[in-house]
Amino acid sequence: MKGHEIRTKFLRFFAGKGHTVVESYSLVPENDPSLLLIGAGMAPLKAYFTGAKTPPNRRMASCQKCVRTGDIDEVGKTARHHTFFEMLGNFSFGDYFKKEAIAWAWEFLLQELKLDPDRLWASVYEEDQEAWDIWHKEIGLAPERIVRLGKEHNFWEIGVGPCGPCSEIYVDLGPDKGCGRPDCKPGCDCDRYLEIWNLVFTQFDKDEDGNYHPLSAPNIDTGMGLERIAAVMQGVETNYDCDLVYPLIDHFARLAGVQYADPAYTRSLRVIVDHFRAVAFMFSDGILPANEGRGYVLRRLLRRAVRYGLLCGLDGSFLHTGVEPLVGIFGEVYPQLAANRQYLVSAIKAEEERFLTTIREGMELLKDELARVGAGGVLAGEAAFRLYDTFGFPLELTVEIAGEHQVQVDEDGFRKALEHQRSQARAAREQVDAMKVQDTAALLRDVPATEFSGYSALSAAGKVLALLGPKGRLEETGPGEPVLVVLDKTPFYAEGGGQVGDSGVIYSGRARVEVETVTRQDGVFLHHGRVVQGTIGVGDDVTAEVSARRRDIQANHTATHLLHHALRKVLGEHVVQAGSLVEGERLRFDFTHPRGLTADELARVEREVNALIGADLPVDAREMSMEEARRMGAIALFGEKYGERVRVVSVGDVSRELCGGTHVASTALIRGFKILSETGIGAGVRRVEAVTGDAMLRHFFRTEELLAKAAAVAKTQPELLAARIEELQQQLKEQKSRAEKLESKLFKLESGALVGAAVEVDGIKVLARRVDAADMAALRTRAEQVLAQMGGGVVILGAVQDGKVNLAATAGKDALARGVHCGKLIGAVAREVGGGGGGRPDMAQAGGKDPSRLEQALALAPRVLQEQIAQQ
């Protein structure tokens, strides 16, 4: 029975039992900061279990995609461990309990999957007589096939809170898989009895003292791994051999030209496929590579897969080739995979290539360090951190490679180095804010939430509820003093959702406060300003008036929604907003995309936005439930937290987004849109900066003025400027070529003196000197010229250009025959100037950051060369 058939049967079966079947939730937890990734079927439903939310039905079922990395070291070694898997589950929120959960599980396994009941066993918590009786008296399972196990096996709890016993269903794989002991049964450490379904009976509430109190409405949470049950149904040895996984193993084995059955490659192929599945689904759910959080999990998995690919002989980028076979397996069930296939290929390949450019250099450094430490030694934490910081090696990868050489890693030292770097970064970012009160929340504990009226009005009457100065609460304050003003209601928008806070004035008959911006603290709006006239006090009746700048901000905010739509239309639906900044002068929009946009793509995006502005589309905002917003197809900002009630902003029929910001009434009020720049700001994240309205006109006027000045300097007309620049560039190129030829001739005259400075190392001439060179190309040419004059040996030249070090090395046939490798040689020299590099045995180049150490670095060359020769 195919995996898809099992999934379909399971969901249909429980739909027939009155369950609402829900699609798999994203791997990114929604409104749950306690979780990094979804790792179980019940995780997205936690709010229903705790009672924080009311479920659409007290009976639900799903097939949830999951990622867990707790057992990452076991992946590939065992038959069942994965980082990515699908979890079949049925859930009850205070509805049915043990009797139904057990009976329906048994019915599904026997009636739907046609499993042999004589192969099935059950375990129960040793004190759960109720579950034991149901299995024996109602299901009819023989007492000897019902095993009582202790808390470590059959009781689910995590600290205080809801918990309870569980019952697990096992399938007997046969005596040949067992340990041979006569008392072998579920709970034994051998492989004979395979757990296929866990039924958790959440019936207690554990308090701080360890006491268990019965819940008034107990819950059911069950989980069955799809890959695991598929392997059982298909009669294969491991989960990796089932039809949900094996086609990918076959793909990568063929790509590498190796055999999966060969023990030398079995584990590597399993790791590659397992991690690839996790990486592809994480990318598809909008997760991007990063150095922390879930992005770090993605990056770690991808880099670990690449490293295992190297063990199979896959030297270049290869993971992205698995996207098509993955879509072939899962495309119908998870249509976003098929819709995003091109994005997945590009994003995975880009991250692979980014890693491959550094991994080889890092591997050389790691090998040198491991050789220096030797088997049984300890790799310093600082060295592990340098691999992480410079070459992108996850600590786990360093530990894994070091372990293969019988070397331990000082992980505490690594963490100290990492924390030191982070603390330095935090210190560099800190800025003193005169209005920063140490505990604003505590000072405003008695102040009610502010009523916001700014969606429909730019002016409103209000009352001063509180005033805060640099030293705390105030009753009143006068001219020149910075102040935070809290009103009972306000038209000022508080900074949030990427939109800056409003500016304007607050005034009364006796005072005037200029407001620079507005922020929000637990629902209370803080108007940051300065008293410019009179005295303002708590209890004063005032008028709050937003400045005209708001109109530009609104235009820019609506323009970001149009830009988001245009990017998805031109580039594909994989584009997801990754951040924004909406100001009066400009807008900034960050989005997921693996590469820079072409000039044609930027032009198409710009045309699309301006066409929508010209269409004068109405902009409408409505508040509704989150479920209703989802049904409308409203786009949520990735990583943003939303409540049960949300605000949906619609622009005609082209855009619907969850948004709490302010907007124009119609797109025509934006008055035009111009992209200023498009850049990369991180792995897989791009940024567009743009202007609208008056700011766009000012940009055009400045550009026209600059064009006229440039044309005057070039002594031509603006319309002929491009041709004039090409003409001047050609002249410059010719002059540069003549200068380089002259420099080369001069260097040939000088190189005789350089050759005389060469020393001998074990019969090989070695020259390591600092010279003048305009760029790396010139430095390489000079190294080759000196080598030719020497008639062999090794030449290493260093030069300083724009405050940075360039290094070039080349070797003759005599040196190569003795085992000299320029790539390794120059890598060692470059590290002394704070850099790195590499290349072929006969030619290599490198760079560095510290020119002051260039002479010392070059002085190392003879010793490094001698060590290379000695190792041959």
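**Exercise 1. Aromatic pairs**

Task: Find how many aromatic pairs the whole structure holds, and classify the pair Phe452 and Phe525.

Solution. A search of the whole of this predicted model gives 30 aromatic pairs. For Phe452 and Phe525, the ring centres are 5.8 Å apart and the planes meet at 25°. Ring centres must lie within 6.5 Å for a pair, and planes under 30 degrees apart count as stacked. The pair of Phe452 and Phe525 is therefore stacked.

Next, place the two residues in the chain. Phe452 belongs to strand S12 (residues 451-452) and Phe525 to strand S20 (residues 524-534). They are 73 residues apart, so the pair links distant parts of the chain.

Last, check the accessibility of each ring's residue. Buried means under 20% relative accessible area. Phe452 has 23% and is partly exposed, whereas Phe525 has 5% and is buried.

**Exercise 2. A second pair and a cluster**

Task: Decide whether the pair Phe589 and Phe591 is stacked or edge-to-face, and state which residues ring pairs link into a cluster with Phe10.

Solution. The ring centres of Phe589 and Phe591 are 6.3 Å apart, with 25° between the planes, and the pair is stacked. Phe589 has a relative accessibility of 1% and counts as buried. Phe591 is also buried, at 0%.

For the cluster, follow the ring pairs from Phe10: they link this residue with Phe13, Phe14, Phe108 and Trp197.

**Exercise 3. Charges over rings**

Task: Identify the ring that lies under the charged end of Lys151, and the ring that Arg647 lies over.

Solution. The charged end of Lys151 sits over the ring of Phe155, at 5.1 Å from the ring centre. Arg647 lies over the face of Tyr455, and here the distance to the ring centre is 3.6 Å. A charge has to be within 6 Å of the ring centre to count as sitting over a ring.

**Exercise 4. Two helices that cross**

Task: Describe how helix H1 crosses helix H6 and which residues make the contact.

Solution. Start with the axes. Those of H1 (residues 3-15) and H6 (residues 226-233) come within 9 Å of each other and cross at roughly 115°. The crossing is right-handed.

Then list the residues. H1 contributes Gly3, Ile6 and Arg7, which meet Leu226, Ile229, Ala230 and Met233 of H6. By type, the contact of H1 with H6 has 5 nonpolar residues, 1 polar and 1 charged.

**Exercise 5. Two residues in helices**

Task: Say whether Ser268 is buried or exposed, and do likewise for Glu130.

Solution. Ser268 is located in helix H8 (residues 263-284). With a relative accessible area of 6%, Ser268 is buried. Beyond its neighbours within four places in sequence, Ser268 is in contact with Tyr308, Leu311 and Cys312.

Glu130 is located in helix H4 (residues 129-139). Its relative accessibility is 41%, so Glu130 counts as partly exposed. From Glu130 to Phe393 the C-alpha to C-alpha distance is 52 Å, and the two are 263 residues apart in sequence.

**Exercise 6. The protein as a whole**

Task: Give the secondary structure, the span and the buried share of the protein.

Solution. The secondary structure comes to 25 helices and 35 strands. Along the principal axes, the C-alpha trace spans about 100 × 90 × 50 Å. The protein has 872 residues, of which 50% count as buried. Among contacts with a separation of 6 or more, 67% are between residues 24 or more positions apart.

Terms used
Residues numbered from 1 in each chain as written. Predicted model: local features only at pLDDT ≥ 70, side-chain atom pairs only at ≥ 80, totals over all residues. Heavy atoms only, no water. Phe/Tyr/Trp six-rings, centres within 6.5 Å; stacked < 30°, edge-to-face > 60°. Helix = DSSP H or I, 4+ residues; strand = E, 2+ residues; numbered from the N terminus. Buried < 20%, exposed > 50% of the residue type's maximum accessible area, 1.4 Å probe, protein only. Lys NZ or Arg CZ within 6 Å of the ring centre and 35° of its normal. Axes fitted to C-alpha atoms, helices over the stretch in contact; angles between N-to-C directions. Left-handed = near helix turned anticlockwise from the far one by under 90°. Contact = heavy atoms within 4.5 Å. Nonpolar A, V, L, I, M, F, W, Y, C, P; charged D, E, K, R; others polar.
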